[in-house]
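This report walks through a single protein chain, from one helix to the sheet and then to the charged side chains. Please keep the sequence and the coordinates at hand while reading.

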Amino acid sequence: MARPAPPPPPRPRAGEPFTTRDGREVLIRPIDPADVDALRRAFARLTPDQIHQRVFHAMNELSERIARWMCNVDPDQTYAIVATDPDGAEIRGEARIHCDYAAAAAEFAIAIDPAWTSVGLGQALMTRLIGEARRRGMAEIWGDVLADNGAMIDLVTRLGFQRQRRADDATVVRAWRALD
């Protein structure tokens with residue numbers, strides 16, 4: 001199994017500063033094609049439960065091919081952001097929406113480094129996704145969440161999402177929110 005490359009030397013990057021509830025600093029910025037190795041390292045830090053909650057199945061690693069695809073988004077369809085250390089070397093959170101303009105709905109996905117959960121980073125990223133979906137004219141933002149993913153269920157509840165177990169799979173909750 002190929003391991004992600006070690007972190008590159010720090011290089012400052014532009015982004016929106018954000019301070020977590022416990023006082024740590026990150027930069028929130030759009031994902032970039034140069035983030036492939038950092039995204040692979042971030043994925044490698046996720047717990048098996050976090051991986052299952054993000055992709056709904058087990059995965060041992062994020063391949064370079066998939067990481068490259070995730071970092072090279074079509075800006076007309078996808079908005080993807082990362083929260084990085086101030087030097088930009090490590091990704092601490094990744095979030096994205098995929099816009100379906102015909103349905104006026106954006107599907108969200110988010111993953112947070114296990115050492116950075118419960119400090120407000122997920123809410124900061126999700127709030128930005130909601131704002132971007134609204135800016136793009138979406139009427140709704142939605143995502144499927146595993147029913148046992150208590151942290152995500154709590155987050156979407158705090159942010160005003162409605163929730164319902166999917167009829168075709170009781171282990172999955174559909175969370176959605178109208179974007180007035």
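Which residues are buried in helix α3 (residues 64-71)? In this predicted model, the buried residues of helix α3 include A67, M70 and C71. Seen down the axis of α3, the buried residues fall within an arc of 95°, and they therefore line one face of the helix. R65 and W69, on the other side of α3, are exposed.

**Overall composition**

The protein chain contains five helices and eight strands, and, read from the N terminus on, its elements follow the order β-β-α-α-α-β-β-β-α-β-α-β-β. Of the 180 residues in the chain, 46% are buried. The accessible surface of the chain comes to about 9300 Å², and carbon and sulfur atoms account for 53% of that surface. When contacts between residues at least 6 apart in sequence are considered, 63% of them join residues that are at least 24 apart.

**The sheet**

The eight strands form an open sheet with mixed pairing, in the order β1-β2-β3-β4-β5-β6-β8-β7. Strands β1 and β7 are the edge strands, since each of them pairs on one side only. On average, and with direction ignored, neighbouring strands of this sheet are turned by 25° against each other.

Three of the strand pairs can be set side by side, each with its sense, its bridges and a pair of residues that stand opposite each other.

| Strand pair | Sense | Bridges | Opposite residues |
|---|---|---|---|
| β2 (residues 25-30) and β3 (residues 78-84) | antiparallel | four bridges | L27 and T84 |
| β5 (residues 105-112) and β6 (residues 140-146) | parallel | three bridges | E107 and W142 |
| β7 (residues 162-166) and β8 (residues 169-178) | antiparallel | five bridges | R166 and D169 |

Strands β7 and β8 form a hairpin, with two residues between them. In strand β6, six of the seven residues are buried, so this strand is largely enclosed by the rest of the structure. As general background, the side chains of a regular strand alternate between the two faces of the sheet.

**Charged side chains**

Side chains of opposite charge can pair when their charged atoms come close. The count of salt bridges in this model comes to 15. One of them joins E16 to R128, with the closest N and O atoms 2.6 Å apart. This pair links distant parts of the chain, because E16 lies in strand β1 (residues 16-19) and R128 in helix α4 (residues 121-135), 112 residues apart. With a relative accessibility of 38%, E16 counts as partly exposed.

Are the partners in the salt bridge between E94 and R96 buried or exposed? Both E94 and R96 are buried, and their side chains meet at 2.5 Å, taken from N to O. A further salt bridge is formed by D85 and R92, whose closest N and O atoms are 2.9 Å apart, and here too D85 is buried, as is R92. Through salt bridges that share partners, R41, R45, D85, E90, R92 and D113 are joined into one network.

**Backbone in two loops**

Most residues other than glycine have a negative phi. Where, then, does A104 lie? A104 is found in the loop between β4 (91-100) and β5, and its phi is near 55°, a positive value in a residue other than glycine. S118, which lies in the loop between β5 and α4, also has a positive phi, near 65°, and it is likewise a residue other than glycine. At 67% relative accessibility, S118 counts as exposed.

**Summary of the picture**

Taken together, the model shows an open sheet of eight strands with β6 among them, and that strand has six of its seven residues buried. Helix α3 turns one face with buried residues inward in the sense that A67, M70 and C71 are buried, whereas R65 and W69 on its other side are exposed. The charged groups add a link between E16 in strand β1 and R128 in helix α4, together with the network that includes D85 and R92.

Terms used
Residues are numbered from 1 along each chain as its sequence is written. This is a predicted model: local features need pLDDT of at least 70, side-chain atom pairs count only at pLDDT 80 or more; totals for chains, interfaces and linings use all residues. Side-chain values use heavy atoms; hydrogens and water are left out. Two strands pair if DSSP finds at least two bridges between them. Buried means under 20% relative accessible area, exposed over 50%, partly exposed in between (1.4 Å probe, protein chains only). Contact means heavy atoms within 4.5 Å. Accessible areas come from the Shrake-Rupley method with a 1.4 Å probe; for residues, only the protein chains shown count as cover. The arc is that of the directions from the helix axis to the C-beta atoms. A salt bridge is a side-chain nitrogen of Lys or Arg within 4 Å of a carboxyl oxygen of Asp or Glu. Axes are lines fitted to C-alpha atoms, for helices over the stretch in contact, and angles run from 0 to 180 degrees between N-to-C directions.
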